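Dear colleague,

Please find below the sequence and structure that I am handing over to you. My notes on what was found follow directly after them.

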Amino acid sequence: MAELFSPEWMQAYKDQWNAEPELADALAKINFNSAIAYGFKREDKPKGILIVKEGRAVEAGIYKGQELNWDLRADLKDWEKWLKNGLNMMSLSAAYMQSKLKFAVGDYGAMIKDPRMVGPFLKSFAVMGRV
């Protein structure tokens, strides 16, 4: 397996994202466009980035200073746990409340209240686990 959030890992994630109807198709229905970064807490900048247009991942790789809509950060051990087990509403809420999952950029509150967004967000963790 490629190193988490490495260019190779991000490319594989992009492919898995686009192959998952509950993610790509669901987000296409709401015209979701976003630059989503992933990385580790206590680091200055994220490691990887996924560019999504109309629900589909169109670009993936290392973060190079692009403007972000979302920047998700956690410790490696937490990322590994979520990639293995996924997240559900309860575990997502716990991770957020315990500051295990940080939103350096992005509105967690708005996302969690919108079922059109929260379902695909949770599915993205299951998809990460396929990489």
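In what follows, a residue is called buried when its relative accessible area is under 20%, exposed when it is over 50%, and partly exposed in between. By that rule K53 is partly exposed, because its relative accessibility is 49%. Please note that this is a predicted model.

**K53 and the positive phi values**

K53 belongs to strand β2. Beyond its neighbours within four places in sequence, K53 is in contact with F32, N33 and V58. Its C-alpha lies 9.2 Å from that of L27, although 26 residues separate K53 and L27 in sequence.

After β2 (48-53) comes a loop that leads to β3 (56-62), and E54 is located in this loop. E54 is not a glycine, yet its phi is positive, at about 50 degrees. As a general rule, most residues other than glycine have a negative phi. With a relative accessibility of 39%, E54 is partly exposed.

A second case is N31, also a residue other than glycine, with a positive phi near 55 degrees. N31 sits in the loop that joins α2 (21-29) to β1 (34-40). Its relative accessible area is 48%, so N31 too falls in the partly exposed class.

**Helix α1**

Helix α1 comprises 13 residues, 7-19. From its first C-alpha to its last it reaches 19 Å, close to the 18 Å expected at 1.5 Å a residue. Five names make up its buried set: W9, M10, Y13, K14 and W17. Viewed down the axis of α1, these buried residues fall within an arc of 145 degrees, and they therefore line one face of the helix. In an α-helix there are 3.6 residues a turn, so residues three or four places apart point the same way. On the face turned away from the buried side, α1 carries the exposed residues E8 and A19.

What do the buried residues of α1 pack against? Their partners are α2, β1, β2, β3, α3 and α6 (115-128).

The pairing with α2 can be described in more detail. The axes of α1 and α2 come within 5 Å and cross at roughly 70 degrees. The two helices therefore count as roughly perpendicular. On the α1 side the contact involves W17, N18 and A19, and on the α2 side P21, L23, A24 and L27. By class, the residues of this contact are 6 nonpolar, 1 polar and no charged.

**S124 in helix α6**

S124 is part of helix α6. S124 is buried, because its relative accessible area is 5%. Apart from neighbours within four places in sequence, S124 is in contact with Y13, W17 and L23. Of these, Y13 and W17 are also among the buried residues of α1, while L23 is one of the α2 residues that meet α1.

**Helix α3**

In α3, the buried residues are D78, W79, W82 and L83. They cover an arc of only 135 degrees around the axis, which means that they lie on the same side of α3. The other side of α3 holds the exposed residues K77, K84 and N85. Among the elements that cover the buried residues of α3 are α1, β1, β4 (70-74), α4 and α6.

K81 is also found in α3, which spans residues 76-85. Its relative accessibility of 38% is the reason why K81 counts as partly exposed. Outside the four places on either side of it in sequence, K81 is in contact with G86 and K100. K81 and G129 are 48 residues apart in sequence, and their C-alpha atoms are 9.4 Å apart in space. G86 follows α3 and has a positive phi, near 70 degrees.

**The loop between α4 and β5**

S99 is placed in the loop between α4 (89-97) and β5 (102-105). At 29% relative accessibility, S99 is classed as partly exposed. The C-alpha atoms of S99 and R73 are separated by 9.6 Å, with their positions 26 residues apart along the chain.

**Points to look at**

When you open the model, I would suggest beginning with the contact of α1 with α2, and then turning to S124 and its contacts. The positive phi values of N31 and E54 may be viewed afterwards.

With kind regards

Key
Residues numbered from 1 in each chain as written. Predicted model: local features only at pLDDT ≥ 70, side-chain atom pairs only at ≥ 80, totals over all residues. Heavy atoms only, no water. Helix = DSSP H or I, 4+ residues; strand = E, 2+ residues; numbered from the N terminus. Buried < 20%, exposed > 50% of the residue type's maximum accessible area, 1.4 Å probe, protein only. Contact = heavy atoms within 4.5 Å. Expected span 1.5 Å × (residues − 1). Arc of directions from axis to C-beta. Axes fitted to C-alpha atoms, helices over the stretch in contact; angles between N-to-C directions. Parallel < 35°, antiparallel > 145°, perpendicular 65-115°, else oblique. Nonpolar A, V, L, I, M, F, W, Y, C, P; charged D, E, K, R; others polar.
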